[in-house]
Amino acid sequence: MLKILKYSFKDLMRSRWSYVYFLFYLLLGFVLLFLNNDLSKAVITLMNIIVVLVPLISTIFGIMYYYNSREFIELLLAQPLKRTSIFLGLYLGVAGSLTLSLFLGLGLPFALYGLFKSGDILNFSLLIITGSFLTFIFNGLAFNIAISNENRIKGFGYAVLLWLFMAVIYDGLFLLTLIVFEEYPLDTFSLVATVLNPIDLSRILILLELDISALLGYTGANFKAFFGTRLGITSALLMLMFWLLIPLWTSIKQAKRKDF
Amino acid sequence: MIQIEKIYKRFGKNEVLKGVDLSIPQGGIYAVLGPNGSGKTTLIKCLLGLMIPDEGTIKVLDKPIKEQWKYREEINYLPQIANFPGNIRVCELIRMINDLRKKEGNEDFLVKLFGLEPFLDKKLANLSGGTKQKVNLTLAFMFDSPVMVLDEPTSGLDPASLIALKKLIRDEKQAGKTFLITTHIMQFVEEIADQVIYLLEGNIYYTGPLSGLYKKTGQNDLEHAIAAITTETRHA
């Protein structure tokens, strides 16, 4: 598996897109710091961007990478290698390189701004950790879509729809339900609905850590009331872990049964 | 060496293999023949574990291959369509396969044989079809494995390379290797094959030496014999 990881990582480091992604974050980091002129404010703005943009980029990049590696995968499958290690290697390669771009792209401007001397280092690390989680989760989901769809256009369409649903439509439906059923107790419902969407989960996780009650909203307040801040963060991280492992597990299961 | 027992494979409604039974002893060149869509490539891909049969067992060196991967160390495979990642160079690809298989390859000899030296630094996306096939052949022949599976090895090759390929196959056969070759070039089969496996509509129609196929069809050259079988079943 490590050898596959090495080759897929090398391949990605050569691709233009990794650099575009890296430069984008670099620029974003500098611009935010320049505009906000304050580390903790920049972290909040960044959060709003990360929870929406990282899933989008990870899904699209993940699906593109899989379809572009079709030939590579076919070549590897005829070699004495385990199927699981081939797919795991590719997955870790693409998710790892995206995470690296995120880490370096945002880390550099913040480090230059004096992150290490400020009290915001913990908040910032949590932001990066959440971003990495989202990268791995949405890469896993993208692999699921790519493996089960031979047709690239279809796969691409599903990927964009998935992102749109998770990032935009889900929240709309959620809000609508809250309004329609406002006469009923909705604590449990909102708690469950938050857990079922990794984007919402990440947002609440960061808001809990930043401890900005004004931004928490109904679900955030609910989450906090139910778990408390510490337990809330731990349980949210645990849920994200589930969100990472389940798509990965299903995609490997699919890959094992697939004909090439 | 290879035992295939009652292999079934369907894609949706299309039943491609309908209970293929086949036993291949060690040594010799076996030509897998059959009309388009008769299941040759599917059978070979099942043997390599690229496709997973719906039913039946395949054994290589007396071990079932289901969910196994180690056995592929004993098999060299030449895919039908040379699909390579486009953005890497020929020499990098050769090095990578060497690294993945953890074996010493004799790629230098093959690169020379097929005249690939000027292309080593070129990216695979920029190679012509024939040159890609030569790279494909180099990768398939560079390791010393007892089983060689070649899917349409002659496609796109010029006469000089074809002669080199035939010599290579004969030399490797002398070394006791087992070849499984699919092709539509009957002249190629007549020149090198010891045994013929004829697949028809997902079943084995005939296995045995070439002469038996002539007798069975009442023809005296392979092209006509094969054509006779194909048209005979179409009329039936």
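**Exercise 1. Contacts and overall form of chain A**

Task: In chain A, among contacts between residues at least 6 apart in sequence, determine what percentage join residues at least 24 apart, and then describe the make-up of the chain.

Solution. Step 1: The share of such contacts in chain A that join residues at least 24 apart is 81%. The structure examined here and in the following exercises is a predicted model.

Step 2: Turn to the secondary structure. Chain A holds 11 helices and 0 strands, and its elements, followed from the N terminus, run α-α-α-α-α-α-α-α-α-α-α.

Step 3: Compare the radius of gyration with the globule rule. Chain A has a radius of gyration of 19 Å, close to the 18 Å that the rule gives for 260 residues, and it is therefore as compact as a globular protein of that length.

Step 4: Add the extent and the burial. The C-alpha trace of chain A spans about 55 × 50 × 30 Å along its principal axes. Of the 260 residues in chain A, 43% are buried.

**Exercise 2. A helix checked for its span**

Task: Establish what span the 29 residues of helix H11 of chain A should have at 1.5 Å a residue, and list the buried residues of H11(A).

Solution. Step 1: Helix H11 covers residues 229-257 of chain A. The expected span is 1.5 Å times one less than the number of residues, which gives 42 Å for this helix.

Step 2: Compare this with the model. The end C-alpha atoms of H11(A) are 43 Å apart, in agreement with the expected value.

Step 3: Identify the buried positions. In H11(A) these are A:Gly232, A:Ala236, A:Leu240, A:Trp243, A:Leu244, A:Pro247, A:Leu248, A:Ser251, A:Ile252 and A:Ala255.

**Exercise 3. Where the chains meet**

Task: State how many residues chain A and chain B each give to the contact, and characterise the side that belongs to chain A.

Solution. Step 1: Chain A contributes 16 residues and chain B contributes 18 residues.

Step 2: On the side of chain A that touches chain B, the elements giving two or more residues are helix H1 (2-14) and helix H4 (70-77) of chain A. H4(A) supplies the largest share of that side, 5 residues.

Step 3: Sort the residues by character. The side of chain A that touches chain B comprises 8 nonpolar, 1 polar and 7 charged residues.

**Exercise 4. An open sheet in chain B**

Task: Determine in what order the 4 strands of the open sheet in chain B lie, and locate residues with a positive phi, B:Lys6 and B:Asp62.

Solution. Step 1: The order is E2-E1-E4-E5, with antiparallel pairing. Strand E2 (14-24) and strand E5 (63-64) of chain B are the edge strands, each pairing on one side only.

Step 2: Examine one pair. Strand E1 (residues 2-11) of chain B is joined to E2(B) by 8 bridges, and the two run antiparallel. B:Tyr8 stands opposite B:Lys18 in E2(B).

Step 3: Place B:Lys6. This residue lies in strand E1 of chain B and has a phi near 50°, a positive value in a residue other than glycine. B:Lys6 is partly exposed, with 13 other C-beta atoms within 10 Å.

Step 4: Place B:Asp62. This residue is found in the loop between strand E4 (55-60) and E5 of chain B, and its phi is near 70°. B:Asp62 counts as exposed because 8 C-beta neighbours lie inside 10 Å, and a residue is exposed at 12 or fewer.

**Exercise 5. An enclosed strand**

Task: Decide whether the residues of strand E8 of chain B are buried or exposed, and name the strands that are joined to E8(B).

Solution. Step 1: In strand E8 (residues 178-182) of chain B, 5 of the 5 residues are buried, so the strand is largely enclosed by the rest of the structure.

Step 2: Consider the two faces. In a regular strand the side chains alternate between the two faces of the sheet. In E8(B), B:Thr178, B:Leu180 and B:Thr182 lie on one side and B:Phe179 and B:Ile181 on the other, and all are buried.

Step 3: Find the partners. Strand E3 (residues 28-33) of chain B is joined to E8(B) by 5 bridges and runs parallel; B:Tyr30 has B:Leu180 as its bridge partner. Strand E7 (residues 147-151) of chain B is likewise joined to E8(B) by 5 bridges in parallel, with B:Val147 opposite B:Thr178.

Step 4: Follow the chain. From E7(B) it crosses through helix H5 (residues 159-174) of chain B to E8(B), in a right-handed β-α-β crossover.

How values were computed. Residues numbered from 1 in each chain as written. Chains lettered and ligands numbered in written order. Predicted model: local features only at pLDDT ≥ 70, side-chain atom pairs only at ≥ 80, totals over all residues. Pairing = 2+ DSSP bridges. Buried ≥ 20, exposed ≤ 12 C-beta atoms within 10 Å, placed from the backbone. Right-handed = clockwise from strand over helix to strand, strands pointing away. Rg over C-alpha atoms; globule rule 2.2 N^0.38 Å. Contact = placed C-beta atoms within 7 Å. Nonpolar A, V, L, I, M, F, W, Y, C, P; charged D, E, K, R; others polar.
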